[in-house]
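Me: Got a minute to go through a model with me? I'd like to talk about how its helices and core fit together.

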Amino acid sequence: MLLFTLSNCFLHGIKLNFAFFTVNSSNRIFVECLNEVHAYLRHEITKHRENLDNDNPRDFIDLLLIELQTQEKTDCFTEENILFIIEDLFFGGVETTVTTLRWGLPYMVLCPEEQQKVQAELDSILGTDHDVPTLAHRSQLPYTEATIMEIQRIRALVPLGGPHAPNEDTTFLGYDIPSGTQVLPILWSAHMDPEFWPDPEKFDPCRFLDADGKVVTRPESFMPFSTGKFFSKDQQKQKCVLEP
């Protein structure tokens with residue numbers, strides 16, 4: 001039986017819901033999907049290894065396999081680690097960008113006035129010949145960036161943050177949490193909390209702009225890529241949305 005209880009937590013003054021659960025058959029579909037991804041990645045690694053040319057690496061997988069050959073196998077770098085490195089690149093660096101774009105398209109259709117503002121800003125900076133925006137244009141496109149951030153807020157890219165676990169039995173807000181219990185922050189609740197986001201169901205990019213409409217602000221309650229010490233790295237991925 002899935003153990004699932006909720007409590008409120010305050011992180012830097014931000015109210016979050018946390019889920020405490022143990023993994024079992026209730027998440028069978030998720031596990032099956034993850035196993036399919038792993039099977040596909042193992043197949044790709046095998047194909048790369050069979051046709052590997054150390055002098056002419058074709059891609060990142062080849063480079064990792066070559067690196068694996070040049071050093072003794074250790075517990076911290078094996079072929080299994082290559083699988084998880086590639087998986088991290090996909091889920092962290094590709095899937096989040098794709099999800100942002102997939103939600104962005106319908107919101108631009110449903111909110112034509114916002115679409116027009118974004119288009120006008122892009123045209124004014126990039127020209128009507130539509131050069132591809134890069135990170136160099138980021139500071140010149142505040143409304144476009146605010147729109148991307150609002151997409152990531154209203155439709156959480158990562159509804160649940162990365163799992164953590166206490167290394168000893170502890171009690172939190174009256175809940176007994178045994179050592180090793182997985183704890184996941186529900187980021188969606190932070191993005192839809194009316195205490196921090198008035199009328200949270202409304203699509204409003206201006207939430208992220210200052211009074212002059214120029215500088216994009218980043219409220220502490222905005223955490224599209226989870227929380228914790230790895231947030232600074234995840235935050236860099238958001239910049240890739242403007243990359244070609």
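Reply: Sure. Contact here means heavy atoms within 4.5 Å. Keep in mind that this is a predicted model.

Me: Which residues does Leu-41 touch, not counting those up to four places away in sequence?
Reply: Leu-41 is one of the 12 residues of the largest nonpolar core. With residues up to four places away in sequence left out, the ones Leu-41 touches are Leu-83, Ile-86 and Glu-87.

Me: Which helix gives the largest share of that core?
Reply: The core includes Ile-61, Leu-64 and Phe-77. α1 (28-50), α2 (60-70) and α3 (79-110) each supply at least two of its residues. The largest share is five residues, and the helix they come from is α2.

Me: How many residues are in the other core that lies apart from it?
Reply: That other core has Leu-122, Tyr-143, Ala-146 and Leu-209 among its members. Its residue count is 11.

Me: Are α1 and α2 roughly parallel or roughly perpendicular to each other?
Reply: Their axes are 10 Å apart, and the packing angle is about 70 degrees. Angles of 65 to 115 degrees count as roughly perpendicular. So α1 and α2 are roughly perpendicular.

Me: Is the crossing of α1 and α2 left-handed or right-handed?
Reply: On the α1 side the contact uses Glu-44, Ile-45, His-48 and Arg-49, and on the α2 side Ile-61, Asp-62 and Leu-65. By class, that contact has three nonpolar, one polar and three charged residues. As for the way α1 passes α2, the crossing is right-handed.

Notes. Residues are numbered from 1 along each chain as its sequence is written. This is a predicted model: local features need pLDDT of at least 70, side-chain atom pairs count only at pLDDT 80 or more; totals for chains, interfaces and linings use all residues. Side-chain values use heavy atoms; hydrogens and water are left out. A nonpolar core is a set of buried Ala, Val, Leu, Ile, Met, Phe, Trp, Tyr and Cys residues joined through side-chain atoms within 4.5 Å. Buried means under 20% relative accessible area, exposed over 50%, partly exposed in between (1.4 Å probe, protein chains only). Helices (H or I, at least four residues) and strands (E, at least two) are DSSP runs, numbered from the N terminus. Axes are lines fitted to C-alpha atoms, for helices over the stretch in contact, and angles run from 0 to 180 degrees between N-to-C directions. Angles under 35 degrees count as roughly parallel, over 145 as roughly antiparallel, 65 to 115 as roughly perpendicular and the rest as oblique. A crossing is left-handed if the near helix is turned anticlockwise from the far one by less than a right angle, and right-handed if clockwise. Ala, Val, Leu, Ile, Met, Phe, Trp, Tyr, Cys and Pro count as nonpolar, Asp, Glu, Lys and Arg as charged, and the others, Gly among them, as polar.
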